[in-house]
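Me: Please take a close look at the salt bridges in this model. Then place them in the wider picture of how the parts touch.

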Amino acid sequence: MLKSRLLKDRIARHYMLTATVVAIFFLFLIGVGLFVNSLPIMQEKGLWTLLTTSNWRPFKGEFGFASYILSTLYVTGIAIVIALPLSLLTSIYIIEYASPKILRAFSSVVDLLAGIPPVIYGVWGTLTIVPFISESLAPHFVEFSTGYSVLAAGVVLAIMIIPLIISILMEVFLAVPKEMREASMSLGATKWQTVKKVVIRKSIPGIVAATVLAISRAFGETLAVLMVCGNFTDLPKSIFDACYPLPALIANNYGEMMSVPQYESALMFAAFLLFFIIVLFNVISRVVLIQIDKRYQL
Amino acid sequence: MELITVPLIIEQPKSKVMNGSNSLNPHIVVENLNIYIQDNHILKNINMAIPDKSITCIIGPSGCGKTTLLRSFNRLHDDNMNVKITGNLFVDGEDIYAKGTEVTHIRKKMGLLAQRPCSLPMSIIDNVVYGPRIHGVRGRRKLYEIARHQLVAVGLWDEVKDRLKSPASTLSIGQQQRLCLARGLAVEPEIILGDEATSALDPISSKTIEELFVTIKDKYTVVLVTHTLRQAKRIADYVAFMYMGELVEFGTADQLFNHPKNQLTKEYISGGFS
């Protein structure tokens, strides 16, 4: 009786360990696979040239990734700058101020929004954001813009990640103990003082984690961005210029023109870069979180 | 059960008479207070007058409404939309539930100690000066002095003076509760409310807090909800016994523990039920 119980315990443990190892192993496998496949082009051109030049003429054997990398960073940056403050304020309102009814209603709306397929956001962006930028916004700043631009991609991406950030932040704020709010309020603090000095402070690790997740998601988002960014290989000079982020490059070109020498390897390198940026970014944020915890023990 | 009305004027405890101090001024007056949470009638027509500069303990079995009553004193039910309150509650003669009364002003008058100490997510010193800061006190020197003064008052200064900047969460539970008391005192309240403030603490920390209550009652009105009868016997000047949402008996500690008038009180203090 006892024996079989213990046996089951051991089996369960080993089973779960195996599952964990397999899951991590796949990540490792993908990283190695991408690296190995992008080796030829790295050896031929040199890493530095690939990263710092922006000439992209596969037929002439010129592969410069600078504009793709910059496009990716621009678009993600704009998306986060727009999405984070909006999501922060929204989730604070929902958790701290709104009635339970609104909280319940909104939770399901957020889940719904997070579940809408990217292609719908892409179509919507093409139909509304792109013409708006081209006709109403850009003329105030630049001579000409098609509307398919860094800004359009950033805005569409922001709208896509807002539900994601809100739903994480709502959990984060809910996790702040009620007693902590009461401790602050009972000292005569107003609601806003309590939110600012206690709730947000306590939630800093969670806010960082939510931002990291959102950025990782934004880095990799392909379809919606591809539909509104213009897909134009040149260094974007302003946010109204077209751009070409890494995921769009891969999605648009992989499987075509494979007769061009080194082309496949170049696209693999693009994928490896994307992979590397996301891993690096997650590692850095993990370190930051550990430091925050060490220092403040929130 | 019959509704018991309690006379607002109460006998003075013997110790006070002997001290010659006059403390019959009611600090908190509760008139016909009823609290409903959703459809449940939690507090039923409570009338009581809590004298200032003394310790009043609210005792009674679990679920009798002690905590609900205590929390109504500094309007902590405000944010809960399911709570409905009728009746009047006067602090210093001011009706705190009257329209136009500013809630932060009421709460500043009272420090609250929760069941489990709840330090704020910041350093030890920032915890103590949190209250003064939100009420507009500025200047490092001044804030430091406030922190030192209050930490000395709760006997925590020597233990933390070398690590004022460390996170408050690094303190032990007992230390944190004293920190919370210091934080409450730092807003210069008139009243200290304790919601089973010692129940999560080890016996020694618990004793320290109890002794602190006794020390500070010269300056503050202390109202404690407590589960332990012995604690009430040790430190209370006045005792309120509640049962099923009603105030059964209110009187001096001597009167209530030694000559209870009500049969229920008699049974409760002799351990007949809990």
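Reply: Asp126(B) counts as partly exposed, at 22% relative accessibility. Arg133(B) falls in that class too, with a relative accessible area of 30%. The classes are set with a 1.4 Å probe on protein chains only: buried is under 20% relative accessible area, exposed is over 50%, and partly exposed lies in between. The side chains of Arg133(B) and Asp126(B) meet in a salt bridge, 3.1 Å from N to O. The term needs a side-chain nitrogen of Lys or Arg within 4 Å of a carboxyl oxygen of Asp or Glu.

This is a predicted model, so local features need pLDDT of at least 70 and side-chain atom pairs count only at pLDDT 80 or more, while totals for chains, interfaces and linings use all residues; side-chain values use heavy atoms, with hydrogens and water left out. Residues are numbered from 1 along each chain as its sequence is written, and chains are lettered from A, ligands numbered from 1, in the order in which they are written.

Over all chains, the search finds 17 salt bridges. Side chains of opposite charge can pair when their charged atoms come close. Take Arg217(A) and Glu221(A): their closest N and O atoms are 3.8 Å apart. Arg217(A) is partly exposed, at 31%. Glu221(A) is buried, at 10%.

Back in chain B, Glu210(B) and Arg234(B) form a salt bridge at 2.7 Å, N to O. The partners sit 24 residues apart and link distant parts of the chain: Glu210(B) lies in helix H9 (residues 203-216) of chain B, Arg234(B) in helix H10 (residues 229-235) of chain B. Helices (H or I, at least four residues) and strands (E, at least two) are DSSP runs, numbered from the N terminus. Glu210(B) is buried, with a relative accessible area of 7%. Arg234(B) is exposed, with 54%. Elsewhere, shared partners join Asp92(B), Glu94(B) and Lys109(B) into one network of salt bridges.

Now the chain interface. Two salt bridges are counted between chain A and chain B. In a salt bridge between Glu182(A) and Arg71(B), the N to O distance is 2.6 Å. Six residue pairs across the interface are in polar contact, both residues at pLDDT 80 or more. H7, H8 and helix H12 (263-296) of chain A each give two or more residues to the side that touches chain B. That side of chain A divides into nine nonpolar, eight polar and seven charged residues. A polar contact is a pair of N or O atoms within 3.5 Å; within protein, one must be able to donate a hydrogen and the other to accept it, and residues adjacent in sequence count only if both atoms are side-chain atoms. Ala, Val, Leu, Ile, Met, Phe, Trp, Tyr, Cys and Pro count as nonpolar, Asp, Glu, Lys and Arg as charged, and the others, Gly among them, as polar.

In total, 24 residues of chain A are in contact (heavy atoms within 4.5 Å) with 24 residues of chain B. The chains bury about 2000 Å² between them, 62% of it from carbon and sulfur atoms. Buried area is the accessible area (1.4 Å probe) that two parts lose on being put together, summed over both.

H8(A) also reaches across. Its buried residues are Gln193(A), Thr194(A), Val195(A), Val198(A) and Val199(A). They pack against helices H3 (66-97), H6 (150-174) and H7 (178-186) of chain A, and against helix H5 (130-134) of chain B.

The contact inside chain A has another make-up. An automatic or database assignment sets the domain bounds: domain 1 is 2-50 and domain 2 is 66-295. They bury about 1000 Å² between them, 76% of it on carbon and sulfur atoms. Leu34(A), Asn37(A) and Ile41(A) supply 43% of the area that domain 1 buries there, more than any other three residues. Zero salt bridges are counted between the two domains of chain A. Three residue pairs are in polar contact, both residues at pLDDT 80 or more. Helices H1 (2-45) and H2 (47-52) of chain A each supply at least two residues of the side of domain 1 that touches domain 2. H1(A) gives the most, with eleven residues. By class, this side has nine nonpolar, three polar and one charged residues.
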